[in-house]
Structure formats: C-alpha cells, structure tokens
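Here are my notes on the model you sent over, point by point. Have it open while you read.

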Amino acid sequence: MILIDGKKIAAELREELRQEVVELKAKHNKIPGLTVILIGDMAPSQIYVRMKEKAANEVGLKSEVIRYPEAVEEKIVLDKIEELNKDESISGILVQLPLPKHIDKQKVIETILPGKDVDGFHPMNVGNLSSGYESSVPCTPLGCYLMIKKIEPNLTGKKAVMIGRSNLNGKPMAQLLLKENCTVTITHSKTKDLKAECLEADIIVAAVGIPELVKADWVKKDAIVIDVGINKTDNGIVGDVAFDEVSKVARALTPVPGGVGPMTIACLLKNTIECFKRSQK
Ligand code: NAP
C-alpha cells in the first residue's frame, strides 16, 4: 500500500512555488501578495491562519493578516474587502470561515473580486470550474486532485466516488475528476447504499465528518482512497476512513493527519500565485 505522504508532497510543492516566486519577482519586479481576514478568536481559525501565514512567508509571498473582533460590523469587513480589491499589491484575499452569525457569508464571498478569490468560492469561479474554464479551485479538492495525480497520472475511465456534496469539497472535487475523464458519482446523506457505491470506485474521496465511516469491506482492492475528514475523538484526530483496515485493501491512502491538510495550505499559496499570474496577463 502506498501511504500518500501529504506533508512531503506539500513540501515539494512549496519549494516549486518558492522558486516560481523568485522568477516572478525577477520578471515583474513585484511579488504576489496574500491578505487573510480573520474575525473573532476561535482557536481552530487562529491556528489555520497562523499556518497559512507561516507557509506564505516560507515561499516568499507578501502576506498580511487583518484581524477584527467577533462583534465587527459586516459593513466594515465588506469595505475592507473593496479596498483590498483595488489594491494592486494584493493578489489574493481570503476571509477565514466560519464567520460570526451576524455576517452574511455569501455576501462576503461575492464581494471578493473573482480574480482575487484564492478560496475559489465566488460563484464566478464555481461556474468557470464547472464550465471547464480557467478559475480558482477550492484549496482542499485541489490538494486531493494533485495527490491522486501523483499516484495515477492517467485517470481516464476511472470510476470516482465522492462521499459528501459540499461546495467546499465534494462538488469541486467531482468537477476536477470529471475534467480528467473520470466517471463521477457524488454521494451524500440521502444516498441509498453508500457501501455499494463505494465498492464500484477506483477512487474514493471521503469528505463527510463521520469518524472512520469508510470500512475495508467498502473498498475495492487497489482503489485510491483520499481521506478529507478531520474528526476529534477520544482517541485523537481521525479521518472519515478506518485507516488501519482500509490500508490492507487500498492501493494508496492518505493518513489523517499528514495527508490532505498540508496540501490544502500549499494549494492556497499556489492559488495566490495563479491569481497574480492571471492579473499580469
Ligand atoms: P459538510 O459541509 O458538513 O458536508 C458533509 C457532507 O457529507 C454533506 O454533503 C453530507 O450530506 C454528507 N454526509 C453526511 N452524512 C453522511 C452519510 N452518513 N453518508 C454519506 N454522506 C454523508 O462538510 P465539509 O465542509 O465538506 O467537510 C467534511 C469533512 O472534511 C469534515 O470532517 C471537515 O473537518 C473536513 N475538512 C478537512 C479539510 C482539510 O484541509 N483536511 C478541509 C475542509 C474540510 P448532505 O449534503 O445530504 O447533508
């Protein structure tokens, strides 16, 4: 079984991006800039933002975090986004989710200029992705996609099953694999026989949020299994896949932690650089 080492693949990607930033600086005499807006003091968001900032600095991006208290007015955040939209030194804007209840998430997403939307959540980017045009792609599915391609460069004709249909994971993941000529099934909480669907799959991407939902007898021999889930349990953090048993049947599997997580952050940096390059065309 191949253990898909997300940490290692992410470190390689960051090194490629670091070199690319050096080249872009030489060519354009400026570097891509990423601004993250963080509202409130929820511990997981604080940790994610710190990791994103560290990784951005490591590859040489200009990076900035703007912090607001939990009670900040929505208008202040929207005005700041408008200001960042106009700032040519900023290539990418990310508003860390989740947001406090009084702030309209969709309004925030739609205020970010699609060309600076490094999360790929703006409806324009969602539409471009599903139409097969150039777009920002949400960081987590992009990271999963890059790992799958490392294991199997030619995906044509493969059967891929997404478990979960969120805008963040399942849907964009399906679009990426469809573009690679996979036959894609998107499953969700109302799917009648999830096990039977999974048993058909050459590729399973589990993004559900249920600890160890995917068991060994759900997985076809030699399938590639990508575990997006992050679940806190009494035994620590586990994914949506029962790692020990599935590792005995799968051809390749991501661990949790150390699989999808590091790739998500590296792909945010990749998206920032892609936004910069598109803005220079
Ligand atoms: P979400 O928005 O809550 O979506 C979960 C999806 O799973 C929904 O489509 C839901 O179906 C489906 N589902 C729920 N129970 C199911 C069941 N019994 N059988 C089949 N499908 C079922 O979650 P998300 O934001 O996509 O995140 C999913 C997981 O990934 C979470 O554990 C999250 O923490 C993790 N995550 C990890 C990363 C990373 O970087 N590693 C990034 C993002 C998220 P319905 O649509 O019918 O409700």
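Which helix gives the most to the shell around the ligand? Helix 10 does, with 3 residues. Keep in mind throughout that this is a predicted model.

1. **The ligand shell.** There are 21 residues around the ligand, and Arg 165, Ser 166, Asn 169, Ser 189 and Thr 264 come nearest. Sorted by class, the shell has 9 nonpolar residues, 11 polar ones and 1 charged.

2. **Polar contacts to the ligand.** Three side chains deserve a look here. Ser 189 has a side-chain N or O atom 2.6 Å from an oxygen atom of the ligand. For Arg 165, the distance from a polar side-chain atom to a ligand oxygen is 2.7 Å, and for Thr 264 a polar side-chain atom sits 3.0 Å from an oxygen atom of the ligand. As for burial, the ligand on its own has 930 Å² of accessible area, and the protein covers 69% of that.

3. **The second largest pocket.** Helix 10 turns up again: this helix, residues 260-279, supplies the largest share of the lining of the second largest pocket, namely 5 residues. The volume of this pocket is about 190 Å³. Its lining includes Glu 134, Lys 270, Glu 274, Lys 277, Arg 278 and Lys 281, and the class split is 2 nonpolar, 3 polar and 6 charged residues. Ser 135, Ser 136 and Asn 271 are also among the lining residues, as are Val 137 and Leu 142.

4. **The largest cavity.** If you are after enclosed space, the structure holds 2 cavities of 30 Å³ or more. The largest cavity has a volume of about 70 Å³. Strand 4 (92-95) and helix 4 (105-111) are the elements that give two or more residues to its lining, and strand 4 has the largest share, with 3 residues. By class, the lining divides into 8 nonpolar, no polar and 2 charged residues. Asp 117 and Asp 119 line this cavity along with, for example, Ile 93, Val 108 and Phe 121.

5. **The second largest cavity.** This one has a volume of about 40 Å³. What is its lining made of, by class? The count is 7 nonpolar, 2 polar and no charged residues. Asn 169 and Gly 170 are part of the lining, and so are Pro 141, Cys 144 and Met 173, among others. Note that Asn 169 is also one of the residues that come nearest to the ligand. Helix 6 (139-151) and helix 7 (170-179) each provide at least two lining residues.

6. **Backbone spots to check.** Which peptide bonds are cis? One runs from Leu 97 to Pro 98, with omega near 0°, and another from Val 256 to Pro 257, with omega near -5°. Pro 98 is in the loop between strand 4 and helix 4, and Leu 97 is among the residues that line the largest cavity. Pro 257 belongs to the loop between strand 11 (252-253) and helix 10. Also have a look at Asn 181, which is not a glycine yet has a positive phi of about 70°; this residue is in the loop between helix 7 and strand 6 (183-187).

7. **Domains.** The domain assignment splits out domain 1 (29-114) and domain 2 (139-261). Their C-alpha centres are 29 Å apart.

Conventions
Residues numbered from 1 in each chain as written. Predicted model: local features only at pLDDT ≥ 70, side-chain atom pairs only at ≥ 80, totals over all residues. Heavy atoms only, no water. 1 Å grid on protein atoms, 1.4 Å probe; cavity = no way out; pocket = protein on both sides within 12 Å on 5 of 7 lines; lining within 4 Å. Points joined across faces, edges and corners; volume = space filled by probe spheres on them. Helix = DSSP H or I, 4+ residues; strand = E, 2+ residues; numbered from the N terminus. Nonpolar A, V, L, I, M, F, W, Y, C, P; charged D, E, K, R; others polar. Near = heavy atom within 4 Å. Polar contact = N/O pair within 3.5 Å; in protein donor to acceptor, adjacent residues only side chain to side chain. Areas by Shrake-Rupley, 256 points an atom, 1.4 Å probe, with all protein chains shown as cover. Domains from an automatic or database assignment.
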